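Got your viewer open? Load the structure below and keep your selection tool handy.

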Amino acid sequence: MADISQQLKEQVLQARESGHKLNIVGGGTKAFMGREADTDAGTLNVGEHTGIVDYHPVELVLTVRAGTPLSEIEATLAEEGQCLHFEPPHFGAASTIGGTLACNLSGPGRPWAGSVRDQVLGIRLLNGKGEHLRFGGQVMKNVAGYDVSRLQAGALGTLGVITEISMKVMPKPAASLTLVQEMGMDEVVHYMNSRAAEPKPITAACWVDGKVYLRLAGAKSGVEATAEKWSGEVMEEGDHFWRQVQDMRHEFFAGNDVPLWRFSVGSTAATPKLEGNWFIDWAGSQRWFRGAGELKDLEPAARAAGGQVSLFRGGDRTGEVMHHQPEALKGIQRRIKNAFDPDNIFNPGRLYSWL
Amino acid sequence: MTTKPKVSKAELAEQFRAFIDPDYVITDDETMKPYECDGMSMYCEMPLLVVLPETVEQVQRVMRICNENAVPVVARGAGTGLSAGAMPNKEGVVLSLAKFNRIVEIDPLARTARLQPGVRNLAISEEAAQYGLYYGPDPSSQIACTIGGNVAENSGGVHCLKYGLTVHNILSVEMVTAEGDVVTVGSDGLDGCGMDLLALMTGSEGLLGVVTEVKVKLLPKPEVAQVVMAGFDDVQKGGDAVGGIISHGIIPGGLEMMDGHAIIAADDFAQAGYPRDAKALLLCEVDGTEEEVHEHIAQAEEVFRKLGATSVRTSQSEEERALLWKGRKSAFPAVGRISPDYYCMDGTIPRREIAYVLTEMEKMSEEFGLRVANVFHAGDGNLHPLILFDANVPGEFERTEAFGSRILEMCVEVGGCITGEHGVGVEKIRQMAVQFNDEELQQFHDVKAAFDPAGILNPGKGVPALRFCQEYRSLEHKQHTHEHTEAAHG
């Protein structure tokens with residue numbers, strides 16, 4: 001547990017002065033994400049900037065240094081019967097909260113419990129001028145100033161070094177139960193959305209290998225009453241199954257030979273007709289695809305489904321890996337980058353080739 | 001900020017009338033009068049002119065003309081805002097989105113609604129009700145306020161703790177940029193690629209773009225909702241009970257608190273049967289499936305009794321639930337009856353500070369010689385102190401403002417913020433210097449410039465010019481409390 005923010009700041013100032021670039025690294029478990037890192041750039045290691053700064057269970061608010069491992073945070077919360085509701089994937093014991101926010105990664109409960117971005121209340125950020133700034137706060141509602149905290153979600157560290165995060169935490173559900181049944185891919189999207197439209201305690205819905213899995217969680221009586229009304233077998237190892245999904249350790253995700261694509265699309269959209277395998281999560285909003293192909297060839301399918309596609313893991317990472325942006329939005333994002341990091345120090349080219 | 005406009009009022013009006021129905025290019029003072037302020041009527045300004053375009057293309061053309069001529073543009077929804085965010089600029093155009101009032105599409109299976117920005121908040125839930133769905137955020141102005149304004153202010157309401165703010169309940173917005181381009185930020189999917197511009201747009205108070213369409217998420221209407229009312233004989237116990245419920249693992253659909261002054265005013269007005277001798281009253285609504293609500297209501301009653309509630313009452317019917325809420329919902333007009341004028345503040349504090357802040361506020365009330373009643377969203381620590389005053393008494397409004405400033409500064413001192421849901425606008429622009437330092441404020445200005453290089457969108461709102469901040473901070477008792485938080489009062 002250490003506060004190395006001063007050291008980080010000096011490294012940024014040094015890089016700025018000497019014209020060097022910096023790759024920001026936390027636990028190093030998400031190196032596979034984004035475009036290939038600039039090999040000429042130095043490393044800014046945030047992994048040692050760790051520790052829980054403030055935690056008031058009654059407030060449902062946690063403030064933590066960005067390099068703190070997810071496992072440490074979750075262990076502390078568990079002592080108070082609380083959790084990170086967005087179920088962050090752990091890609092290894094070293095996965096940190098800062099990296100999770102920068103990559104905007106959330107688990108199977110996301111459509112109901114919200115994403116990591118949704119739970120963020122405030123951050124401290126080192127910008128490219130070496131200024132250590134504070135945005136947002138430690139309270140549930142705060143509309144003073146622009147929402148710079150949530151802007152970082154998905155920016156892959158291109159706007160600065162997240163050093164501290166305040167976020168909302170939630171009580172662990174008192175009970176949970178998983179229902180599983182066989183279903184074809186063509187009918188499952190409608191089924192999952194219909195279930196999600198019912199006022200029942202559903203907290204996850206996914207489909208893989210011809211089976212649909214629904215998780216119910218909350219007050220025990222409500223969970224059990226719903227399970228009795230809905231079809232499907234109660235799964236013995238439900239919690240284990242969702243943990244595998246959350247950490248992407250389910251066998252669907254195994255191996256690196258076939259690229260893994262992430263389609264973020266309308267929940268009811270028809271699944272694109274492509275050569276390969278699908279894993280449908282988030283009641284249809286997130287669909288994982290394993291198959292060869294190029295980004296530009298997959299984009300029309302994602303657009304037709306109301307969303308975007310990105311190359312999540314594997315494949316060619318020298319070209320673009322994120323869905324193409326229209327010119328006007330490119331212009332805005334370039335200028336935002338310039339507003340935070342005028343010398344283009346942080347994670348150059350990691351998000352887009354032009355950023 | 002903007003430079004002097006390069007075009008006269010008459011020239012501008014003529015240019016607009018070439019593509020907008022001339023009746024909706026308003027230039028005379030009498031017709032423009034209703035636009036001089038929003039819900040924060042203490043701040044008024046007459047605009048140069050008002051336009052009411054009907055199509056996105058017209059909005060684009062308005063923006064291009066204004067951008068080329070450095071004419072300020074203030075976008076306006078229903079004008080219910082409470083921080084003067086829609087107050088006109090005297091050299092600028094008020095761009096009213098009132099004609100964009102169509103619900104474009106509701107998709108019951110996907111649980112989404114596509115809306116033009118001028119659709120009223122309540123109208124979304126009314127239309128979605130036929131599918132058993134509703135829209136989560138419910139600001140108290142929901143009968144009148146519009147979804148475009150909700151995006152601009154990141155509006156909340158009574159149900160935020162459980163269902164989130166506007167930022168959590170929208171999928172995408174289509175907007176016209178300062179330069180006149182139409183862009184869509186967000187998509188039908190969740191968590192798209194790259195920087196989260198949707199979050200940045202939400203709550204940006206009309207400084208970054210003009211929203212022309214919004215896609216929102218809808219929620220299934222809970223099977224049951226019940227409310228537990230608990231009275232306490234002191235505010236400390238009431239404040240502790242708020243934390244007690246939450247640490248018990250119950251996330252109420254709504255958790256509201258009133259102080260003694262508000263209890264009596266609201267009960268006089270609504271005859272809700274509130275405990276009139278209580279010093280704090282909590283309304284805790286639990287919603288969900290029948291079984292879940294049954295379980296949680298029993299637990300909530302027990303928690304309140306254990307924590308010293310002097311009265312506990314649970315609604316047994318929809319009528320009783322509505323009655324208990326009626327007092328809370330009419331608390332503002334109820335307080336309005338006991339005073340010629342009132343000023344509604346909006347700050348957020350950590351919940352554990354509720355009792356301390358209320359006690360301090362009572363002391364300040366004596367110091368300033370002004371009464372204050374408190375009605376607030378206790379679940380998320382969002383205070384709405386109502387300062388009672390009489391605008392006809394010389395100097396009383398100035399004293400009210402000074403009292404209000406002290407309250408906001410106290411919110412920052414205890415680790416909170418100067419606005420939970422009303423926005424900064426003009427009203428709280430000076431207090432931005434208390435919550436943020438110059439480097440942070442400059443970063444906000446730089447973000448603004450990324451969207452609006454010429455600085456035409458709602459200039460002078462939201463983020464103060466740095467030269468004013470030094471002055472404000474250097475005033476006596478206004479120490480910059482930035483590196484504060486826990487230390488503030490031990």
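Here is a short tour, one selection at a time. Keep in mind that this is a predicted model.

**Stop 1: the meeting of two chains.** Colour chain A and chain B separately. Across the contact, 77 residues of chain B touch 76 residues of chain A. Now pick out the elements of chain B that give two or more residues to this side: α6 (160–163), α7 (197–201), α8 (235–247), α10 (290–306), α15 (432–435) and α16. Of these, α16(B) gives the most, with nine residues. Colour chain B's side by class and you'll get 30 nonpolar, 29 polar and 18 charged residues.

**Stop 2: a pair of helices.** Select α11 of chain A (residues 327–340) and α16 of chain B (residues 438–451). Their axes come within 8 Å and cross at roughly 160°. An angle over 145 degrees counts as roughly antiparallel, so that is what α11(A) is to α16(B). The crossing is right-handed.

Next, show the side chains. On α11(A), choose A:Ile332, A:Arg335, A:Ile336 and A:Ala339; they meet B:Asp446, B:Val447, B:Ala449, B:Ala450 and B:Phe451 on α16(B). What classes do the residues of this contact divide into? Seven are nonpolar, two are charged and none is polar.

**Stop 3: inside chain B.** Hide chain A and colour chain B by its assigned domains: domain 1 (7–94), domain 2 (104–218), domain 3 (222–412) and domain 4 (437–485). Look at domains 2 and 4 of chain B, whose centres, taken over C-alpha atoms, are 27 Å apart. Seven residues of domain 2 are in contact with nine residues of domain 4. Domain 2's side of that contact has three nonpolar, three polar and one charged residues.

Notes: Residues numbered from 1 in each chain as written. Chains lettered and ligands numbered in written order. Predicted model: local features only at pLDDT ≥ 70, side-chain atom pairs only at ≥ 80, totals over all residues. Axes fitted to C-alpha atoms, helices over the stretch in contact; angles between N-to-C directions. Helix = DSSP H or I, 4+ residues; strand = E, 2+ residues; numbered from the N terminus. Parallel < 35°, antiparallel > 145°, perpendicular 65-115°, else oblique. Left-handed = near helix turned anticlockwise from the far one by under 90°. Contact = placed C-beta atoms within 7 Å. Nonpolar A, V, L, I, M, F, W, Y, C, P; charged D, E, K, R; others polar. Domains from an automatic or database assignment.
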